[in-house]
There are 4 protein chains.
Amino acid sequence: MPTMNAPELIEFLGRFFPQSRPERYQIEYVDDRRLVFRYQANHDDLRPGDTVSGPTLMALADLGMYLAVLAAIGPVALAVTTNLNINFLRKPPAGDLVVETLILKLGRQLAVGEVFIRSGDAPDPISHATVTYSIPPNR
Amino acid sequence: MPTMNAPELIEFLGRFFPQSRPERYQIEYVDDRRLVFRYQANHDDLRPGDTVSGPTLMALADLGMYLAVLAAIGPVALAVTTNLNINFLRKPPAGDLVVETLILKLGRQLAVGEVFIRSGDAPDPISHATVTYSIPPNR
Amino acid sequence: MPTMNAPELIEFLGRFFPQSRPERYQIEYVDDRRLVFRYQANHDDLRPGDTVSGPTLMALADLGMYLAVLAAIGPVALAVTTNLNINFLRKPPAGDLVVETLILKLGRQLAVGEVFIRSGDAPDPISHATVTYSIPPNR
Amino acid sequence: MPTMNAPELIEFLGRFFPQSRPERYQIEYVDDRRLVFRYQANHDDLRPGDTVSGPTLMALADLGMYLAVLAAIGPVALAVTTNLNINFLRKPPAGDLVVETLILKLGRQLAVGEVFIRSGDAPDPISHATVTYSIPPNR
């Protein structure tokens, strides 16, 4: 069981990160180890050739891990990314992106996860990231 | 000597990546191994506590390496990032960010560089990234 | 179906990399996307506290991806690692290590995979790596 | 001024990590932010084509950061690597390797540095790594 469910996560994002425009994210699955959301890339996310830009994919990977950490440990606005490593694997066409995060370790100080981004329902990932978050001590 | 100078780089960005709003970037130094630009973080780049968001820093690291590759080899719109690894080192306060890219290797197929992002003129980096670009064969 | 099976992989290692002492590796599963081998850590692999050293885990991750690439594309002695990113997640006790590699992308020039290292049959990984190999053009 | 000087570092390695055979490392420079050592690759470190193996380079990068952390904060046997990212840039010929570590951040819990490995006195690095160490709380 996750500590925060999908509506609570979206509400939390809207309150603390209104810039992230949470109305654009649709959480499709969440438990305490795995979170999947869907995002529709828009014009600002595209680069020449109508592929989704690298920065958009990096922001999605970072957000995926953030939401997965929140779902696991509850509302901790001040968890911060310490490391993100991403491999861009395939050209991401315009359209829906599905972001799947799996937590690999949830420690007292650090949480580590991996994030697959897929194009719609195609099986092969267009990018894969590993992300580390630092969890604040006093919570 | 770089293959493209600062005005040519900004003009190229404006033509191929209008979304990146190149008027916000000020290239302060460029040669064929090193490029430095300055960027003023704005409201959209901030997160709670008025620190610059991780996605903004990742986008700047990616752009720094892209500009350094362009400066070294000329206008190649289709160079694409294959890997980016970033460590977030210190809280980035709102204000000017200075992005310094050093090319570590410029091969036929791959270019690898490192990117330091500093807050204004403070010496310690707030983040450090290594970035790999794939260079298209037919150019 | 893999291009090389388990005995062929071990025989290849012994011929080209005798230093790797392939008699210490036991391939438990191989297809063209996934490879699992078992390795028994010995005295040289340990550091204070009888945990397996980081360099041993990095060498195993690199070898896992190399074997998975060989299994997928055949005997290519000159495939070389271009990038390896590893997160150390849990203390690795002395004893058997199980190394599972999944290929995320097999391109013409680059292969990218992820490698989980587990301690015996415990489910949680002690380390997770992503590894990129460059594949030589003339094969 | 470093907290530990070159002879103290080598003595410490010999006591806690006799497997690392510290007699093979020659520390050429050390202060509290930068450490340079020289290592002569031997037969076990080579792979086909007489290039230095990836695992040897990864072990050297890890050791470089460990020594730099020790030099900065004193004898902490239990500092452990949490993340290592390495790019292999050029073929490393047999012979002397020079390993230069620069500390990017020395926090209470985490230390982050970058490590350049060069072949003898050639200026271009053959590999570049970023390494994160976790520093134990009770010291």
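Q: What is meant by the area buried between chain A and chain C?
A: Buried area is the accessible area, taken with a 1.4 Å probe, that two parts lose on being put together, summed over both. In this predicted model, the value for chain A and chain C is about 1,200 Å², of which carbon and sulfur atoms give 49%, so that figure covers the loss on both chains.

Q: What makes the residues of chain A and chain C count as being in contact, and how many are there?
A: Contact requires heavy atoms within 4.5 Å, and 13 residues of chain A therefore qualify against 13 residues of chain C.

Q: How many salt bridges does the rule find between chain A and chain C, and why?
A: The rule finds zero, because no side-chain nitrogen of Lys or Arg across this interface meets the cut-off of 4 Å from a carboxyl oxygen of Asp or Glu. Polar contact between chain A and chain C, by contrast, is counted for four residue pairs, both residues being at pLDDT 80 or more.

Q: How large is the area buried between chain A and chain B, and which residues of chain A lose the most?
A: The area is about 2,100 Å², with 53% from carbon and sulfur atoms; in chain A, the residues that lose the most to chain B are A:Gln19, A:Arg47 and A:Met58, together 26% of what that side buries.

Q: Why are β5(A) and β5(B) called paired strands?
A: Pairing needs at least two bridges, and five join these antiparallel strands, so the criterion is met. Within this pairing, A:Asn87 has B:Asn83 as its bridge partner.

Technical notes
Residues are numbered from 1 along each chain as its sequence is written. Chains are lettered from A and ligands numbered from 1 in the order in which they are written. This is a predicted model: local features need pLDDT of at least 70, side-chain atom pairs count only at pLDDT 80 or more; totals for chains, interfaces and linings use all residues. Side-chain values use heavy atoms; hydrogens and water are left out. A polar contact is a pair of N or O atoms within 3.5 Å; within protein, one must be able to donate a hydrogen and the other to accept it, and residues adjacent in sequence count only if both atoms are side-chain atoms. Helices (H or I, at least four residues) and strands (E, at least two) are DSSP runs, numbered from the N terminus.
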